[in-house]
Amino acid sequence: MTEWTIMGAGAVGCVLAGLLSRRGEPVSLLLSERHRGHLHPSLELITLSGQHELVHTRPLFAEQAAAVTTLLVTTKAYQVIGALSALRSLPAATPIILLHNGMGLLDEVLAHFPHNPVLAGVSSHGALKEGDWLVRHTGKGETWLGPANEAARACAGLVEPLARALGHAGWSEDILGLQHRKLAINAVINPLTASHDIRNGQLLEPRFAAVLEQLSEEVHRVMARLGQQESLARFRRRLRSVIELTATNYSSMHQDLHHGRRTEIDQITGYLLGRAGELPVPVCRQLYQDIRRRQGR
Ligand code: PAF
C-alpha cells in the first residue's frame, strides 16, 4: 500500500487527505516552512453529510522527500515549481501527480524530474477551508489522471485506491484534453466573478449576458485552436451547468483576490492568451489586465 503525500494543504488538498485517510489509506502532508517548529495540528474534515471527522496524517518537510512514495500536488499553480524544486531527495521512482488548477507548468516539471513518472490530473470536488485545519467537502466530483510522460504509463493502477476513496477516479489517455476542458470553464467563471465581485450564480443575471456570450466565444475559439472539438453550443451548456451547480460559491479567484492573495490568473487566462496566436480575444485580455492590476502584479 502506498502512502499518499499531499503537497499543498489548501481546500482540495485537505479534502483529498481526509477522503483517503477515512478509507484507511496512509496519508502524509508535506508542510511548508511556516509550519516548522509547531506541533502538527490535527486536520478536521466536515463530510458531505455534515459529520466532523479527525484526519490522521503524518507531517513531512521538504528534506524528508526521500520518504515520499506517491506525491499529489495540490498547491496553488504559482507555487508548484518552487515547492517541487525543494524536494531534492525525491526518489526517481516516485510518481508525481499534478492536480493543481491552471496549466502551463508541465514542461518545467518534466525538465526538473526527467526520471519520475509524471501524471497530470483534474478533479472537480468542491472544497472550502473553514479554518487553517478545518475543511468542508462541499461537493462530490470526478477525478481523472493520465500520463504526462512515458514512465507514468505504468502508474494507471493508482486510480483504483483513489476511486475507492473519492467515489470516482478514472484513467485518461487524453488528460491534456480534460485539463483544457476544465481550464475553459475556469477562464470564464473565475476572472469574471473576481472582477465583478460576485458569486458564480450571478453570472446568469441579464446584466452579464453580453460579456458571458463574448467571453465564452473567445475561450471556445482558443480551445478549438488547441484541438478541442466541443461545439460552442455544447461548451455554453456545460458552462451554464457548472455555474448553476456552483451558484452560491465564490470562485477560487474571487476568494484569492478578496483575501489579498495572489491569483492563478497567469496559469488560467494567461495560459489561454499565450496560445491565442492571432485570434481576437479582447475580453480575455482586458480581464487578465484587470485581475493583474487588482492583485498588484
Ligand atoms: O476555481 C473554481 O472556483 C472552480 O473551479 C469553479 C468551477 C469555477 C467553481 O467555483
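This is a guided tour of a predicted model of a protein chain with a ligand, moving from the whole chain to its two annotated spans, the ligand shell and a few single residues.

**Whole chain**

Begin with the entire protein chain selected and coloured by confidence: the mean pLDDT is 96, and 100% of the residues reach 70 or more, while the model as a whole scores ipTM 0.95 and pTM 0.95. Switching to a cartoon, you can count ten helices and twelve strands in the protein chain. Turned along its principal axes, the C-alpha trace spans about 50 × 40 × 35 Å. The radius of gyration of the protein chain is 19 Å, which agrees with the value near 19 Å that a compact globule of 297 residues would have. If you colour by burial, 42% of the 297 residues count as buried. Among contacts with a separation of 6 or more, 70% are made by residues 24 or more positions apart.

**The two annotated spans**

Next select residues 4-149, where UniProt, in an unreviewed entry, places the feature "domain: Ketopantoate reductase N-terminal". This span is 16% helix and 34% strand, and its end C-alpha atoms are 20 Å apart.

Then select residues 174-293, which UniProt, again in an unreviewed entry, lists as "domain: Ketopantoate reductase C-terminal". Here the secondary structure is 65% helix and 0% strand, with the end C-alpha atoms 35 Å apart.

**Between β11 and α4**

For a stop outside those selections, go to A156, in the loop between β11 (143-147) and α4 (159-166). A156 is partly exposed, because 16 other C-beta atoms lie within 10 Å. A distance drawn from A156 to G170, which is 14 residues away along the chain, gives 8.8 Å between the C-alpha atoms.

**The ligand shell**

Now show the ligand together with the residues that surround it: I185, N186, I189, N190, N200, V242, T246, N249, S251 and S252. Which helix gives the most to this shell? Helix α5 (residues 175-196) does, with four residues. Colouring the shell by class shows three nonpolar and seven polar residues, and no charged ones.

**The loop after α5**

Follow the chain to D197, in the loop between α5 and α6 (209-225). D197 counts as exposed, because it has 9 or more but still few neighbours, namely 11 C-beta atoms inside 10 Å, where 12 or fewer is the limit. The backbone is worth a look here, since phi of D197 is near 55°, a positive value in a residue other than glycine. Most residues other than glycine have a negative phi.

**The loop between α7 and α8**

Finish at T248, in the loop between α7 (232-245) and α8 (252-258). Is T248 buried or exposed? T248 counts as exposed, because there are 9 C-beta neighbours inside 10 Å. Leaving aside residues up to four places away in sequence, T248 touches R199 and G201. A C-alpha to C-alpha distance from T248 to G201 reads 6.1 Å, although the two are 47 residues apart in sequence.

Key:
Residues are numbered from 1 along each chain as its sequence is written. This is a predicted model: local features need pLDDT of at least 70, side-chain atom pairs count only at pLDDT 80 or more; totals for chains, interfaces and linings use all residues. A residue is near a molecule or strand if its C-beta atom, placed from the backbone, lies within 6 Å of it. Helices (H or I, at least four residues) and strands (E, at least two) are DSSP runs, numbered from the N terminus. Ala, Val, Leu, Ile, Met, Phe, Trp, Tyr, Cys and Pro count as nonpolar, Asp, Glu, Lys and Arg as charged, and the others, Gly among them, as polar. UniProt positions are given in the numbering used here, feature names are shortened, and annotations may be inferred rather than shown by experiment. The radius of gyration is taken over C-alpha atoms; the globule rule is 2.2 Å times the number of residues to the power 0.38. A residue is buried if 20 or more other C-beta atoms lie within 10 Å of its own, exposed if 12 or fewer, and partly exposed in between; C-beta atoms are placed from the backbone. Two residues are in contact if their C-beta atoms, placed from the backbone, lie within 7 Å. pLDDT is the predictor's confidence in each residue, from 0 to 100.
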